[in-house]
Amino acid sequence: MTRNILIVILIWCSNMYCQDTLVYTNPNSKAIQDQYLLFTKTNTFEHYVINNKLENWFGIGEYKLSDNTLDLKFGDSDRFKKTNLVEHVTVYDLPNSKNDTLIVRFYKENTIPIDGLFKFNKKTYEPDVEKGVIRISKSIFNNTENPKIEVYINNQYKEIQLKNMKILRALYLRHYDYSKTYHFESNFEKKIPIKKGDIITHSEYLKECNLNLNSLMKSFQVLDKQN
């Protein structure tokens with residue numbers, strides 16, 4: 001369960017690369033994670049919660065932001081989220097690092113053994129069944145800087161475009177069974193009082209994520225050794 005929480009946090013950090021994204025973290029929440037992504041171009045949001053019972057909640061909708069209030073109108077999040085069952089996170093080395101091997105790590109909800117496939121250029125790579133790991137020579141990508149790959153986990157498919165191959169170190173892939181692991185917030189309105197500093201920019205949030213990245217990766221290594 002601890003591993004699941006770490007993966008969610010990493011996915012949050014890696015997927016928030018839009019410069020027009022703001023982040024609100026509820027300071028009064030007793031949940032392990034209670035955060036809103038606010039997309040300023042579309043005035044839409046995504047809400048993620050992991051409560052103290054380790055239940056996952058998800059919501060989407062439209063928002064209005066004033067000096068002291070965040071107004072939220074939740075839409076039909078159940079229908080939206082079930083269309084995306086495979087999440088991923090990419091981990092990079094420092095600039096000018098030399099790494100000729102890409103580590104691909106598969107995670108799944110409530111399913112043993114690991115059942116995943118990685119495809120590139122019509123060739124298929126299968127993970128170690130026990131640990132769900134593939135180690136791939138980057139030479140297969142033929143010096144393509146941003147290659148597209150295909151991933152299959154538990155009969156779910158996703159196409160992913162990798163970036164910055166020279167310093168890409170690892171790709172973590174996880175299959176979610178949302179019908180079992182997620183509760184959905186839909187079709188209601190909510191007003192949250194806010195003050196200056198409660199909502200931060202994408203860049204500020206990424207700095208906080210990067211500060212925790214090394215410790216999170218060490219936690220992954222410890223958990224892998226235990227299993």
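Begin by selecting aspartate 198 and lysine 195: these two residues form a salt bridge, and their closest N and O atoms are 3.6 Å apart. The model on the screen is a predicted one. Display the surface around the pair and compare the two partners. Aspartate 198 has a relative accessible area of 17% and is therefore buried, since buried means under 20%. Lysine 195, in contrast, is exposed, with a relative accessible area of 56%.

**The other salt bridges**

How many salt bridges does a search of the whole structure find? The search finds three.

For another of them, select lysine 191 and aspartate 71, whose closest N and O atoms lie 3.0 Å apart. Colour strand β15, residues 189-193, which holds lysine 191, and then strand β5, residues 69-74, which holds aspartate 71; the salt bridge therefore ties together parts that are 120 residues apart in sequence. Is each partner buried, partly exposed or exposed? Lysine 191 is exposed, at a relative accessible area of 65%, whereas aspartate 71 is partly exposed, at 23%.

Next, select aspartate 93 and arginine 169. Their side chains meet in a salt bridge with an N to O distance of 2.8 Å. This pair, too, links distant parts of the chain, its members being 76 residues apart. Aspartate 93 is found in the loop between β6 (86-92) and β7 (101-108), while arginine 169 belongs to strand β13, residues 168-175. With a relative accessible area of 19%, aspartate 93 is buried; arginine 169, at 25%, counts as partly exposed.

**A polar contact**

Move now to strand β3, residues 44-50, and select glutamate 46 within it. This glutamate 46 is buried, and its relative accessible area is 17%. Which residue does the side chain of glutamate 46 join in a polar contact of 2.7 Å? Add tyrosine 48 to the selection, and the two side chains of that contact are in view.

**The whole chain**

Finally, clear the selection and show the complete chain as a cartoon. Its secondary structure comes to four helices and 16 strands. Of the 227 residues in the chain, 42% are buried. Consider also the contacts between residues at least 6 apart in sequence: 61% of these join residues at least 24 apart. To end the tour, switch to a surface display. The chain exposes about 13,500 Å², and carbon and sulfur atoms supply 47% of that area.

How values were computed: Residues numbered from 1 in each chain as written. Predicted model: local features only at pLDDT ≥ 70, side-chain atom pairs only at ≥ 80, totals over all residues. Heavy atoms only, no water. Salt bridge = Lys/Arg side-chain N within 4 Å of Asp/Glu carboxyl O. Helix = DSSP H or I, 4+ residues; strand = E, 2+ residues; numbered from the N terminus. Buried < 20%, exposed > 50% of the residue type's maximum accessible area, 1.4 Å probe, protein only. Polar contact = N/O pair within 3.5 Å; in protein donor to acceptor, adjacent residues only side chain to side chain. Contact = heavy atoms within 4.5 Å. Areas by Shrake-Rupley, 256 points an atom, 1.4 Å probe, with all protein chains shown as cover.
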